[in-house]
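Me: I am new to this structure and would like a close look at a single part of it. Please take one residue, say where it sits and what surrounds it, and then place it beside other parts of the model.

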Amino acid sequence: MSIKKDQIVVIVAALLFCSAIYTVFVYAPTERVMGPIQKIFYFHLSSALVAFLSFFTAFVSGVLFLIRKDLKWDVVGVASVEIGLVFTTLVLITGVLWGRPVWNTWWTWDPRLTTSLILWFIYASYFILRSSVERQDKRAVFCAVLAIVGFVDVPIVFLSARLWRTIHPVVIRAGSIDMAPAMITTLLVSLGTFTLLWALLLYHRTRTLTMAGRVKNLEKRLDGGIL
Amino acid sequence: MSGFWLILQKDLHAEFRKPESVISMVFFGFLLLVILNLAIPLGSEISSETGAGILWVAITFSSILGLNRTMSQEKENRCMDGLLLSPVSIEEFFAAKMVVNVVLMLLAECSIVPLFFILYGDSFFQSLPMLVLVVLLANIGFAAIGTLFSAITAGTSRNEALLPLLFYPLVIPLISITVKVTSMIFQGAVIKDYSSWLYVMLAYGCIFTGLGFLLLGHVVRE
């Protein structure tokens with residue numbers, strides 16, 4: 001993609017984001033029981049979707065890396081785990097903010113909350129692993145393995161989180177199917193916006209990481225030449 | 001299958017000559033059982049959930065010492081290169097290391113579980129037969145992930161400090177299921193109530209053993 005096209009896509013995403021904010025705050029009706037706090041739901045769910053997309057991408061690029069041994073896939077893997085971790089953090093923060101007024105507690109050991117927290121731990125450890133391996137190809141293999149194992153763990157984490165505590169808190173299904181049509185539209189708009197944002201972030205992050213790698217290699221060669 | 005037996009024999013032989021892993025595992029597990037006692041109000045009977053939690057924290061935290069050792073010992077004198085050059089397949093190597101880990105954990109548990117009963121009351125004692133099954137199933141899962149990830153951490157600069165950071169997030173589901181099932185056993189529940197979770201534990205072990213077979217080759221060849 002040329003720089004110009006890049007810019008256009010960024011502008012489109014920004015406009016779309018503005019319209020998403022508009023639909024959330026103006027177009028969507030205020031929920032009767034929960035009040036305006038329920039509006040956090042649209043971005044909360046969208047962040048969750050994007051986080052899941054990222055981890056899935058990390059899993060796929062991990063598999064592709066181990067098959068093809070092409071460092072390109074390692075870069076895609078890191079970029080997507082980074083983005084996924086950011087959005088998981090957002091899911092947790094928005095969830096906590098939402099839970100306080102609605103459930104009257106910051107945190108409950110609900111399966112979904114527990115699952116996202118454990119996911120956050122798994123993918124945060126990805127960066128600890130990354131920072132402790134120097135050699136590029138070795139680091140790529142190790143990280144690919146962790147991305148694969150971590151993703152396979154996700155369904156089991158969710159299954160076991162149901163067991164976490166015997167006293168199940170009242171699980172509030174905020175996004176139950178009987179949502180107002182305007183709410184569904186709003187949700188779809190924010191889902192679409194977040195997905196575009198995700199694709200954009202992934203593309204740009206992959207590009208910067210590739211360039212950073214290239215610069216590093218050039219520096220190394222330059223050092224070798226001079227010394 | 002001979003490669004499998006050779007590595008298994010070699011590791012167990014080394015361990016019996018100088019039982020570093022098992023002794024440190026048992027010692028640390030015992031220590032944890034004592035330290036965790038601080039969390040219990042004085043003079044009160046512990047609930048089955050607390051008991052199960054204490055037992056499994058002691059077992060999982062002590063097992064990390066053994067898991068770390070199995071792969072990092074191959075780094076000394078570059079034994080790993082020798083193993084890779086030998087005509088032992090990666091699958092046999094993984095299976096042998098995993099079995100070694102299961103055996104080491106079992107040996108440690110043979111001391112930790114009785115110590116638990118002594119320290120926290122033998123009212124749980126009647127649940128021993130089912131507890132053995134749970135311990136076996138949990139060990140398979142722990143050993144599968146532990147073997148794969150100790151191979152990874154043995155290849156990093158941070159070495160043994162890194163394994164707990166990678167290992168625990170991945171085994172949290174297994175630990176939580178195990179604790180739950182153990183507390184049900186302590187309560188004297190009938191097997192029908194928790195048998196489905198035993199299958200989940202078995203599935204967990206199978207899935208990660210399979211992944212270990214698939215992925216260990218990539219890890220150790222680096």
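Reply:

**A loop residue and its surroundings**

In this predicted model, A:Trp107 is found in the loop that runs between α3 (71-103) and α4 (111-131) of chain A. Because A:Trp107 has 15 C-beta neighbours inside 10 Å, and a residue needs 20 or more to be buried and 12 or fewer to be exposed, A:Trp107 counts as partly exposed. Leaving aside neighbours within four places in sequence, the contacts of A:Trp107 are A:Val96, A:Gly99 and A:Leu113. A:Ile21, which is 86 residues away from A:Trp107 along the chain, has its C-alpha atom 26 Å from that of A:Trp107.

For the buried parts of the model, one can turn to the nonpolar cores. The largest of them has 109 residues, and A:Val145, A:Ala147 and B:Val219 are those with the most contacts inside it. Helix α6 (residues 128-154) of chain B supplies the largest share of this core, 15 residues. Beyond its neighbours within four places in sequence, A:Val145 is in contact with B:Ile152, B:Leu215, B:His218 and B:Val219. A second, separate core of 8 residues includes A:Ala20, A:Phe41, A:Tyr42 and A:Met183.

Chain B also offers a pair of packed helices, α7 (residues 163-186) and α8 (residues 191-220), whose axes lie 10 Å apart at an angle of about 150°, which means that α7(B) is roughly antiparallel to α8(B). The crossing of α7(B) and α8(B) is left-handed, and the contact between α7(B) and α8(B) has 10 nonpolar, 1 polar and 2 charged residues.

Methods:
Residues numbered from 1 in each chain as written. Chains lettered and ligands numbered in written order. Predicted model: local features only at pLDDT ≥ 70, side-chain atom pairs only at ≥ 80, totals over all residues. Axes fitted to C-alpha atoms, helices over the stretch in contact; angles between N-to-C directions. Helix = DSSP H or I, 4+ residues; strand = E, 2+ residues; numbered from the N terminus. Parallel < 35°, antiparallel > 145°, perpendicular 65-115°, else oblique. Left-handed = near helix turned anticlockwise from the far one by under 90°. Nonpolar A, V, L, I, M, F, W, Y, C, P; charged D, E, K, R; others polar. Core = buried A, V, L, I, M, F, W, Y, C linked by C-beta atoms within 7 Å. Contact = placed C-beta atoms within 7 Å.
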